[in-house]
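User: I am new to this structure. Please show me how to read its features, step by step.

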Amino acid sequence: FVASVVKKHINQFHIPYLKWFQDHGFEVHVCAGNDFEPGEVCEIPYCDKYYEVPFCRSPFKLQNFQAYRTLKKIIETEQYDLIHCNTPVAAAITRVAGRKVRKRGTKIIYTAHGFHFFKGASWKNWLFYYPMEKFLSRYTDQQICINREDYELAKRKFHAKYVDYVPGVG
């Protein structure tokens, strides 16, 4: 599982899924930034291995190049069967970093917890995020959308092999 941060994303939304995978015999790894306060222990229930990856939520920060290099090395070393990515910047980096391993059969799932481009969004969001998501959908085996607007757009305009609608947080 990949997301920009542990405490405010993985631990808030994905614990039931980590548990499900672990209960069904999967080894569960998490790659995310450590957003715990100094002195707090970075704990992730149902996680077998945690990799701290320094994602920055802004796509314009140079720190994301380091996150890309770190994640690419992890992905190529671990040889995952399945990678589930979340949060826009972390998901973009994951899909680019995972291009090579997809050729060996690794599947990449991206759950969009709401695209930054939507009816009523700023033209800047449409200008930047829409082309990026459309392009990166080529490196996405399954796109999960949590609202109908995103689902309909992804189904019509994107290139993921499968596009699914799962109402809620995914």
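User: How many bridges join β4 to strand β5, and do they run parallel or antiparallel?

Analyst: Keep in mind that this is a predicted model. Strand β5 covers residues 107-112. It is joined to β4 by 5 bridges, and the two run parallel. For one facing pair, take His 84, which stands opposite Ile 109 in β5.

User: Is β4 mostly covered or mostly open?

Analyst: Count its buried residues. In β4, 4 of 5 residues are buried, so the strand is mostly covered.

User: Now the largest pocket. What is its volume?

Analyst: About 560 Å³. Of its 23 lining residues, the closest to the centre are Phe 1, Phe 21, Glu 27, Leu 82 and Ile 83.

User: Which elements give two or more residues to that lining?

Analyst: Two helices and two strands do: α1 (6-23) and α2 (63-78), with β2 (29-33) and β4 (82-86). β4 therefore appears twice in our tour, as a partner of β5 and as part of this lining.

User: How many residues of each class line the largest pocket?

Analyst: The lining has 16 nonpolar, 4 polar and 3 charged residues.

User: Why does Thr 140 count as buried?

Analyst: Compare its relative accessibility with the cut-off. Buried means under 20%. Thr 140 has 1%, so it counts as buried.

User: Where is Thr 140 found, and what is it in contact with?

Analyst: Thr 140 is in the loop between α5 (123-136) and β6 (142-145). Leave aside neighbours within four places in sequence. Thr 140 is then in contact with Arg 95, Arg 102, Ile 108, Tyr 110, Ala 160 and Lys 161. With Arg 95 there is also a polar contact of 3.2 Å between the side chains.

User: Why is Lys 61 called partly exposed?

Analyst: Partly exposed runs between the buried cut-off of 20% and the exposed cut-off of 50%. Lys 61 has a relative accessible area of 46%, so it is partly exposed. This residue lies in the loop between β3 (49-52) and α2.

User: Which residues of helix α6 are buried?

Analyst: Start with the general idea. Residues three or four places apart in an α-helix point the same way, because each turn takes 3.6 residues. In α6 (residues 148-157), the buried ones are Asp 150, Tyr 151, Leu 153 and Ala 154. Their cover includes α5, β6 and β7 (162-165).

User: What happens at the start of α6?

Analyst: Look at Asn 147. One of its side-chain oxygens reaches to within 3.3 Å of the backbone nitrogen of Glu 149.

Notes:
Residues are numbered from 1 along each chain as its sequence is written. This is a predicted model: local features need pLDDT of at least 70, side-chain atom pairs count only at pLDDT 80 or more; totals for chains, interfaces and linings use all residues. Side-chain values use heavy atoms; hydrogens and water are left out. On a 1 Å grid over the protein atoms alone, a cavity is a set of points where a 1.4 Å probe fits but cannot get out, and a pocket is an open set with protein on both sides within 12 Å along at least five of seven lines; lining residues have an atom within 4 Å of a point. Grid points are joined across faces, edges and corners, and a volume is the space filled by probe spheres set on the points. Ala, Val, Leu, Ile, Met, Phe, Trp, Tyr, Cys and Pro count as nonpolar, Asp, Glu, Lys and Arg as charged, and the others, Gly among them, as polar. Buried means under 20% relative accessible area, exposed over 50%, partly exposed in between (1.4 Å probe, protein chains only). A polar contact is a pair of N or O atoms within 3.5 Å; within protein, one must be able to donate a hydrogen and the other to accept it, and residues adjacent in sequence count only if both atoms are side-chain atoms. Contact means heavy atoms within 4.5 Å. Two strands pair if DSSP finds at least two bridges between them.
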